[in-house]
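Biologist: I would like a close look at one part of this model. Please take me through the helix packing there, then through the spaces around it.

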Amino acid sequence: MGTDHKSINKAFAALSFLTALILYLLTLPPTASFWDCSERIACAWGLQIPHPPGTPFYLLLGRVFSMFTGPLSAAWMINFMSALASSLTIMLLYLIIVRFVREFKGYDVDQYPLIDRIGLYGGGLVGALTFAVTDSHWFTSIEAETYALSLTFTAAVVWLIMKWSELHQNDRNERWLLLIVFLFGLAFGIHLLSLLSIFFVGLIIYFRKYDFELTGFITASAITVGIFFLIYPLTIIQLPALAGRFATATGGMFGPLIFLVLFGALIIYGIYYTHKKHYRFANIALLGYFLILIGYSSYSMIYIRSQVNPAIDQNSPDNVDAFISYLKREQYGQQPLLRGDSYSNETGRLERDNPKLFPRRYSPEPRHQQKYARFSSDLQFFLRYQVGHMYLRYFAWNFIGRDSDIQDARWISGFRTPDDMRDNPAHNRFYYIPFLLGMIGMLYHFRKDWKRALAVLVLFTATGLAIVAYLNQTPFQPRERDYSYTGSFFAFSIWIGLGATGLVELVRHYAKGNKFIGMGLVMLLMTVPVLVGTQTYNNNDRSLRYVAPDYAYNLLNSTAPYSILFTNGDNDTFPLWYLQEVEGIRTDVRVVNLSLLNTEWYIKQMKNLWNHEAPPVPIDLTDSEVDRLNDKFQFRRASDFHQPGDYVIPVDKTFLQGVYDGEIEFPWAPPEIPEEMKFSVPLDQVDDEVRWFYEGTFLGRDRDGNDIHYTRIQDDMIIEILRTNKWVRPVYFSTTVARDAQMNMQDYMSLEGKAFRIMPFRTHGSHDPEIHSRRLKSFRLREINNEKAYFDQNIRRMMDNYRTIVNRHASAFMQGGQPDSAAYWLRWGEYHIPFSTIQGDPTSILNYAYRYAQLDENERAIALIALARKDLDRTMKRYLEDLDGLDQQISRLEDQLTERGRTMDSGRRRTLQNRLSVLQADRQQLIRELSYDTSRYIIAQRIFYMNRMDEEALEIADFIAEVSGQRLPFPRTMEENRERAARILMD
């Protein structure tokens, strides 16, 4: 290898790439993951239509990566695509840091003193490798999601504009700018976040071409913003809309395609004309716009593939209106940005007749409004929750430290770390070191080259705080959203690298250019990515994780042939789509997502189309009737409301027997009925009708104070499906579907594996042990009992769901007088899902312990109590501390209202009263949590009494009395405990 800059720079760039790639390959999931990953893989494998706004270029690339392998390796290949993209990002980040240094130190690196070259390359490596192992970037780098590839495009744009900055005086230097514009167009087919780097590009161009002047700076900024809006939304959203209007204006004589052809021809002619006339700037502008259109053309895949009705065809964007709706994400609603309705602390509700500027508290959901009431204004909600909790907390996770992988986990530094989360795999402590190095780098950069430093600051803000303001997120997000801000963390990592370079320069100044001291400092600084990486490795190692496809496999195989399976949300549905579409497993099962079942397009797909071997869903409505389903929410007719009462679905046994015997053809069933489709009891033992009470969803009260109820579209469709199905095809609810979505049908449900089958006879919550045993024995639980595997909170909760199923099975055997079978299944559950690898919730642990105690396996029961006490004691102490804090706040507010209530203006008084109501509601919720925790202690105490361990039982009572200050009543005798425990356990 040569000693010139180009050779050394390429070597270190390759080193950064290979280091990142090796790390990502070591931790790469072998198959599909939860959330959107499973859907991405399924859609890439078959070029199908994912949820809006779609990722067509990503899907095309995913198809290329996966087409050279079989279905069992497709997920790994698409995961690998993300790892490869992220490794390229790390290499580009190294090159970017080096270029920033060269901007202010000079381009001829070969003339640098040795210590400066050490600082240059060392800074690039420190910054790039630190970012490579940051929590959020590592998370996105090894899964089949768009964020890794999107950030690669952002990094490529940043590097290209820095390359242009060096070569801006060369002939035809504009080609670099045209390449950047083309990348913007391609990036639309991956994620729109990449476009945010346009502001960075605009500043680099301005500062390179012009001397700073306020008027010129403002003008350049306005032009950049204008170009941003020209691209999005004017081109991305409005161009297809114009095509649709053109088709309407021409009476349908010319379709949208003709408009796009004419529009493209006009741009091409403009390019030809401006070239011929030597209008250089106009020619470059038109070329750039045409390149954007070429990149954007990947979206034609969405429109074209939807025409053939693939199995996954979200929103059915097969016409112009549906396609525009798809691009706009209208399915998810629109949040206000600059002006709109907002919550009022004075009235305690959403004000719809008084729009506010910068509305942040706009959601009408009661749960959200309860959260809004904890903030004094929209600005406070924005700063404390949206900025503080949903951005700065994530920033600190990556550069200061993270407490745990529990939802809403706080950030920590490591200096004063609470003991309660030390054993959590994501308990990462960085002691502020990466953060401080980045701050040093920012100051150093502004001191050396404030223009380029300002551009980095704009990139940092545009991909961070600007996204926060744009998303305008509501409280109680279903998952952490740190992956959305990796662009911002990427920008900060530039400063981490510059910070290392700056420190080397500082040493050079005081050490008089001693190269050995400089090399020693760089080696010391290289411990920063080592520190971060050793901390984040454990909670990013997904190399042994098969949970998502195994969950789908177990759920699908819990059902009888040709069944209809109601699922809840993304994690319930996407892995099933992956398994059916890619691996081809149980394609006879029709998966029906209840969230999507509220939309007309999905209902039409369910009722009109086969899905592989699965017949359409039994829905006896016309398409026009489906289109009018949402009219009920205008609540103008009496029929739009729901009167609480009984639903009745008849059971025609003669018809069923005719279908079973092949004498009656049922259009929504296979020609031959497999034996497993039939019920577990003979037809003459099923009921003549299924009848149950359903109250509906509470809407409000009328003028007379009477409760008003309604039903959701999904509720109406469940009833429609059950009635039309006439009990021919098996119908199941996933065990993860919420009870309110099960419409109070629990008395007619029988547990089979991980699904509840709806039966035409009352089960009273019981299940057939033979069927359930057969389903459980077919389960795949790969690597769950491997102590080296890492499972996050979402998976740990899922494993508790498995444990509940096993515990319920053991209970059924105990009630049937088969204790040996009950013990077998408890041990089966612990073998496959051991508490040593996934500790579990204290409730699941204590349920196992109680069953063991009933079976006289007391040693195991006592050991499980000790395991559960750690979490129980911690949460009990925290709840009581929170209760004390709430009591103090309530007392202060009551004093304010009492002492100054007469002199206080009415608005202020109402605000305080609303705040007091919120605190009192919080207190009631906390009391409920404490009561629930107390019940778990009672179960533990009950087990001690069952083992005649009275001292241990009294120790629990003493502990509760001590930590609560005698506030929580708790049993102190066996008789009191038996009475309380009987109510809790329903034994």
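**Helix 20 and its surroundings**

Modeller: Helix 5, residues 114-132, packs against helix 20, residues 486-511, at an angle of about 150°, and their axes are 8 Å apart. Angles over 145 degrees count as roughly antiparallel, so helix 5 is roughly antiparallel to helix 20. Their crossing is right-handed. Keep in mind that this is a predicted model.

Which residues make the contact between these two helices? From helix 5 come Ile115, Asp116, Gly119, Leu120, Gly123, Val126, Gly127, Thr130 and Phe131. Helix 20 answers with Thr486, Phe489, Phe490, Ser493, Ile496, Gly497, Ala500, Thr501, Val504 and Arg508. By class, this contact of helix 5 with helix 20 holds nine nonpolar, eight polar and two charged residues. Glycine is counted as polar here. Gly119, Gly123 and Gly127 of helix 5 are in the contact, and so is Gly497 of helix 20.

Now to the enclosed spaces. The model has three cavities of 30 Å³ or more. The largest cavity holds about 100 Å³ of space. Its lining brings us back to helix 20, since helix 7 (146-167) and helix 20 each supply at least two residues to it. Thr486 is one of the lining residues, and Thr486 also belongs to the contact with helix 5. Gly487 lines the largest cavity too. Helix 7 gives the most to this lining, with four residues. The lining also includes Tyr147, Ser150, Leu151 and Thr154. Leu193, Leu196, Thr463, Ile467 and Ser484 line the largest cavity as well. The classes here are five nonpolar, six polar and no charged residues.

The second largest cavity holds about 40 Å³ of space. Tyr147 lines this cavity, and Tyr147 lines the largest cavity as well. With Tyr147, the lining of the second largest cavity has Phe34, Trp35, Cys37, Glu143, Glu145, Arg479 and Tyr483. Five of its lining residues are nonpolar, none polar and three charged. Glu143, Glu145 and Arg479 are in that lining, and Glu and Arg count as charged. The lining of the largest cavity, by contrast, has no charged residues.

Next, an open space. The second largest pocket has about 1100 Å³. Its lining comes to 32 residues, and Leu177, Ile205, Ile223, Ile227 and Phe281 lie nearest its centre. Helix 8 (174-187), helix 9 (198-209), helix 10 (214-249) and helix 12 (280-296) are the elements that give two or more residues to this lining. Helix 10 gives the most, with eight. The lining splits into 21 nonpolar, six polar and five charged residues.

One other helix pair is useful for comparison. Helix 3 (residues 56-66) and helix 4 (residues 71-105) cross at roughly 120°, and their axes come within 8 Å. Helix 3 and helix 4 are therefore oblique to each other. This crossing, too, is right-handed. Tyr58, Leu61, Gly62, Phe65 and Ser66 of helix 3 meet Ala74, Met77, Ile78, Phe80, Met81, Ser82 and Leu84 of helix 4. That contact has nine nonpolar, three polar and no charged residues, while the contact of helix 5 with helix 20 has two charged ones.

Technical notes
Residues numbered from 1 in each chain as written. Predicted model: local features only at pLDDT ≥ 70, side-chain atom pairs only at ≥ 80, totals over all residues. Heavy atoms only, no water. Axes fitted to C-alpha atoms, helices over the stretch in contact; angles between N-to-C directions. Parallel < 35°, antiparallel > 145°, perpendicular 65-115°, else oblique. Left-handed = near helix turned anticlockwise from the far one by under 90°. Contact = heavy atoms within 4.5 Å. 1 Å grid on protein atoms, 1.4 Å probe; cavity = no way out; pocket = protein on both sides within 12 Å on 5 of 7 lines; lining within 4 Å. Points joined across faces, edges and corners; volume = space filled by probe spheres on them.
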